Amino acid sequence: MAKNKTIYVCNECGYQTPRWLGRCPECGSWNTLEEQVSVPKAELTEKKLRRAPGNDAEALRVDEIPDEAPARRSCGIGELDRVLGGGVVDGSMVLVGGDPGIGKSTLLTQVCANMARDGARVLYVSGEESARQIKMRANRLGAGGSGFFVLSENDMTTVEKRMEQLSPSVMVVDSIQTMYLPELASAPGSVSQVRECASLLMRLAKSGGCSVFLVGHVTKEGAIAGPRVLEHMVDAVLYFEGDRQHQYRLLRAVKNRFGSVNELGMFEMASEGMVEVGNPSEALLSGRAHDASGCVVMAAMEGSRPLLTDVQALVATTVFGNPRRMASGVDQGRLALLLAVMEKRAGFRLFDKDVYLNIAGGMTLTEPAADLALCAAVASSFRNRPIGSNTAVMGEIGLAGEIRAVAQTERRISECARLGFSRVLLPKANLRGLRRIEGVEVCGVDSIAEAIASLGLLRD
């Protein structure tokens, strides 16, 4: 009888080696090799062998493949439908990750209840909670329905049987790291268990047309735990972001085979569950300080949705040898670059100043169009002079101090006009072919010095 062998598997790329190494030779990650017991192939059950992929499919010419749009099913939550690209696709597999307590299970329980009310048969599989715990949460959320089934189990063979018996249209697995296959000797949550369980669920989803939502644990760095191949296997990867002490939650897609990866959904955590924020711009600006120095409004784009965010800066004389640069919601390296441009191209002496930057509401700005708003907020705090509360700013800044054009300008300006902003500062290159919007004065600028001067912040 063959003996079991001990191997070490990288939880980032799946590389296997018979001995432990500090660094993975395949992907170069440090301290990612985990010890596992390898079962000889002769001991694998016949059932495991029957799960080998492949269905003897034939190759088709691309013009012979029928042009059919994927069938979508509404989740009953508009913000989630937006992030998914218009609803969940039949037979798709969606991975939802986020910090503990952020609201993943709450949101998916609401999804199950909504779809069950619409006549779909839904199966909620939990490997972490008992059926009674799920019932308590469902009662709190007002969820129910004859088509809402709950299974407290982490054995994938049992889950497969119940899935074949019920034939659900939608299934939630909470969480994939707790599921295991008995024929594999490794513990639940290991690389091999997560990979094989996800592969089985994917085959069940594709063959039966069942939409599967997987809940994924995250590491302390914020990435989904387990092998990286898990994110490659699924059709969509959603991240639930936000501080548990903060009322707003952001749902962001980082992968979506059926829609855009730039869409953003916003929710508010309430006693009745996740409540959609239908007007996120108004919510993000509701508590902003009017006529305060260091504050400016920026019109950002998240996919097809314009969002107005409050950019705040604080500049103070440092008492240390090296000034501090701290940023929340903005890349700190980008902040350092913009401060250098302000010193060189606009004459601001910031080498002896501490600079603190914050994006209110827990938002994260990654697009280059936020550059001009960041510089305007720093200049306003440096001069201790407020920017008008009815002014919005947008534009990308180059190393030469030039202001470059941004995309989807009209949609940004329309959102500013809807919320009562009467003046918008943007790159002059965007003025060509721009449709005039009633009630909004549009000011085009070419350089950072011209932009700061138009805001009245260039000189004391």
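Q: Buried or exposed: which word fits F348?
A: Start with the rule. Buried means under 20% relative accessible area. F348 has a relative accessible area of 2%, so F348 is buried. Keep in mind that this is a predicted model.

Q: And what is the status of F382?
A: The partly exposed range lies between 20% and 50%. F382 has a relative accessible area of 22%, so F382 is partly exposed.

Q: How do I read a pair of aromatic rings?
A: Use two values: the distance of the centres and the angle of the planes. The count here comes to two aromatic pairs. One of them is F240 with F267, at 6.0 Å centre to centre and 85° between the planes. That pair is edge-to-face.

Q: Which parts does the pair of F240 and F267 tie together?
A: Look up where each ring sits. F240 belongs to strand 11 and F267 to strand 13, so the pair ties together parts 27 residues apart in sequence. Now check the accessibility. F240 counts as buried at 3%. F267 is buried too, at 0%.

Q: Why is the pair of F348 and F382 edge-to-face?
A: Planes over 60 degrees apart count as edge-to-face. The planes of F348 and F382 stand at 70°, so this pair is edge-to-face, with ring centres 5.3 Å apart. The two residues are 34 apart in the chain. F348 is in the loop between helix 9 and strand 18, while F382 is in helix 10.

Q: How do I read a sheet, and what is the strand order in the one with seven strands?
A: List the strands in order across the sheet, then look at the pairing. The order is 17-18-16-15-19-22-23, in an open sheet with mixed pairing. Strand 17 (325-328) and strand 23 (441-445) are the edges, each pairing on one side only. Neighbouring strands are turned by 25° against each other on average, direction ignored.

Q: How many bridges join strand 22 to strand 23?
A: Five, and the two strands run parallel. Take V424 as an example: its bridge partner in strand 23 is V442.

Q: Which helices pack on this sheet?
A: Find what each helix touches. Helix 9 (residues 332-346) touches strand 17 and strand 18, with its direction at about 125° to that of strand 17. Helix 10 (residues 371-383) touches strands including strand 15, strand 16 and strand 19. The direction of helix 10 makes about 35° with that of strand 16.

Q: What is the order in the sheet of nine strands?
A: Read across again: 8-7-9-10-6-11-12-13-14, open and mixed. Its edge strands are strand 8 (148-152) and strand 14 (273-276). The twist averages 25° from one strand to the next. Helix 3 packs on this sheet, and its direction makes about 155° with that of strand 7. Helix 6 (residues 191-208) lies across strand 6, strand 9 and strand 10.

Q: How do I zoom in on one residue, and what does S105 touch?
A: Place the residue first, then list its partners. S105 lies in helix 3 (residues 104-117). Leaving out residues up to four places away in sequence, S105 touches Y124, R137 and D174. The side chains of S105 and D174 are joined by a polar contact of 2.7 Å.

Note on methods
Residues numbered from 1 in each chain as written. Predicted model: local features only at pLDDT ≥ 70, side-chain atom pairs only at ≥ 80, totals over all residues. Heavy atoms only, no water. Helix = DSSP H or I, 4+ residues; strand = E, 2+ residues; numbered from the N terminus. Polar contact = N/O pair within 3.5 Å; in protein donor to acceptor, adjacent residues only side chain to side chain. Contact = heavy atoms within 4.5 Å. Pairing = 2+ DSSP bridges. Axes fitted to C-alpha atoms, helices over the stretch in contact; angles between N-to-C directions. Phe/Tyr/Trp six-rings, centres within 6.5 Å; stacked < 30°, edge-to-face > 60°. Buried < 20%, exposed > 50% of the residue type's maximum accessible area, 1.4 Å probe, protein only.
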